[in-house]
Amino acid sequence: MMVDLRDVVTELEDWQQGKAVILHGCSESRVFCGGADLNVVGSLKTPSEAIQMCLFMQNTLNRLLRLPLLSVAAIHGRAIGGGAELITACDFRLMTPDSDIQYVQINNGITPGWGGGGRLTRLLGPRAALKLLASGEKVSTHEALQLGLADGVLDSGDIMKSARDWLKPYTKGNAEVIHAMKCVVVAGCEHSLDNAMRKEKDLFAHVWGGRSNDLIK
């Protein structure tokens with residue numbers, strides 16, 4: 001799964017005409033994503049070996065988060081462990097009514113390692129994030145909506161159609177402008193205010209001269 005995800009992210013980085021990407025699990029499974037392959041994890045005997053996996057997945061999920069596309073995790077079933085970390089690298093999280101999210105790392109005697117702890121803290125704030133990480137308790141769809149961890153509810157009958165319909169209000173614009181908007185937000189999250197404003201200025205100038213600018217036609 002880890003290598004496949006890296007390869008998909010690499011392809012998406014070059015998708016110039018795309019506007020959004022939806023991550024979903026197998027429709028026949030009750031698990032959206034269970035994280036790392038247990039056979040792989042079991043083979044990592046030393047901290048240095050585990051760190052290599054950690055760095056690989058941090059890099060992949062950071063690249064996913066920084067894609068100039070709107071990203072949605074369409075959660076049907078369980079997002080567990082590394083799967084719960086994966087969804088924090090998406091811009092939005094949608095869940096079917098009977099889904100749940102669980103940071104089970106505490107039960108295995110480890111911490112998040114794929115960047116999910118830091119991203120969860122930025123999403124929910126330190127108190128709410130610490131409660132989820134330290135307890136390892138399941139978070140239902142209703143609870144996730146209340147916390148702000150989920151952004152909407154999916155129709156279990158047709159998950160992909162439901163996710164696409166939810167995305168429609170945010171994908172009406174020109175692809176180039178949507179890419180720029182996403183980059184503005186990423187810069188605002190990751191850079192100092194001064195650097196984020198410089199990035200915003202550069203993106204503004206780029207789209208001002210683009211074909212989608214109606215103000216100068």
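Buried, as used in these legends, means under 20% relative accessible area. The model shown is predicted.

**Figure 1. Helix α3 and its buried residues.** Helix α3 covers residues 47–65, 19 residues in total. From its first C-alpha to its last, α3 reaches 26 Å, close to the 27 Å expected at 1.5 Å a residue. The buried residues of α3 are Met-53, Cys-54, Met-57, Thr-60, Leu-61, Arg-63 and Leu-64. Arg-63 also takes part in a salt bridge, shown in Figure 4.

**Figure 2. The open sheet of four strands.** The strands of this open sheet follow the order β1-β3-β5-β8, and their pairing is parallel. Its edge strands are β1 (20–24) and β8 (152–153), each of which pairs on one side only. Strands of a sheet pair through backbone hydrogen bonds. Five bridges join β1 to strand β3 (residues 70–75), and Leu-23 stands opposite Ala-73 in β3. At the β8 edge, two bridges join β8 to strand β5 (residues 92–95), and these two strands run parallel. Here Leu-94 stands opposite Gly-152 in β8.

**Figure 3. Strand β1 and residue Ile-22.** Although β1 is an edge strand, four of its five residues are buried, so β1 is largely enclosed by the rest of the structure. Ile-22 lies in this strand and has a relative accessibility of 18%. Because the cut-off for buried is under 20%, Ile-22 counts as buried. Ile-22 and Leu-94 are 72 residues apart in sequence, while their C-alpha atoms are 10.0 Å apart in space.

**Figure 4. The salt bridge between Arg-63 and Glu-13.** The side chains of Arg-63 and Glu-13 meet with an N to O distance of 2.9 Å. Arg-63 belongs to helix α3, whereas Glu-13 is in the loop between α1 (2–12) and β1, so the pair ties together parts that are 50 residues apart in sequence. Glu-13 is partly exposed, with a relative accessible area of 32%, whereas Arg-63 is one of the buried residues of α3. A search of the whole structure finds eight salt bridges.

**Figure 5. The salt bridge between Lys-182 and Asp-91.** The closest N and O atoms of Lys-182 and Asp-91 are 2.9 Å apart. Lys-182 is in helix α9 (residues 175–190) and Asp-91 in the loop between α4 (82–87) and β5, so this pair ties together parts that are 91 residues apart in sequence. The relative accessible area of Lys-182 is 5%, and the residue is buried.

**Figure 6. Further charged pairs.** Lys-201 and Asp-202 form a salt bridge through their side chains, at 2.9 Å from N to O. Asp-202 is partly exposed, with a relative accessible area of 46%. In addition, Lys-161, Asp-165 and Lys-168 are joined into one network by salt bridges that share partners.

**Figure 7. Cysteines without a disulfide.** The structure holds zero disulfides. For Cys-33, the closest cysteine sulfur is that of Cys-90, and the distance of 10 Å is too far for a bond. Cys-33 is buried, at 10% relative accessible area. Cys-183 is in no disulfide either: the nearest cysteine sulfur, in Cys-189, is 12 Å away. Cys-183 counts as partly exposed, with 23% relative accessibility.

**Figure 8. A nonpolar surface patch.** Phe-204, Trp-208 and Leu-215 form this patch, and together they have about 360 Å² of accessible area. Trp-208 is in helix α10 (residues 193–208). With a relative accessible area of 36%, Trp-208 is partly exposed.

**Figure 9. Ala-150 in the loop before β8.** Ala-150 is found in the loop between α7 (141–147) and β8. Ala-150 is buried, with a relative accessible area of 5%. Ala-150 and Ser-140 are ten residues apart in sequence, and their C-alpha atoms are 9.8 Å apart in space.

Definitions and conventions. Residues are numbered from 1 along each chain as its sequence is written. This is a predicted model: local features need pLDDT of at least 70, side-chain atom pairs count only at pLDDT 80 or more; totals for chains, interfaces and linings use all residues. Side-chain values use heavy atoms; hydrogens and water are left out. The expected span of a helix is 1.5 Å times one less than its number of residues. Buried means under 20% relative accessible area, exposed over 50%, partly exposed in between (1.4 Å probe, protein chains only). Patches are made of residues with over 30% relative accessible area and no salt bridge: like charges are joined within 9 Å, nonpolar side chains (Val, Leu, Ile, Met, Phe, Trp, Tyr) within 5 Å. Accessible areas come from the Shrake-Rupley method with a 1.4 Å probe; for residues, only the protein chains shown count as cover. Two strands pair if DSSP finds at least two bridges between them. A disulfide is a pair of cysteine sulfur atoms within 2.5 Å.
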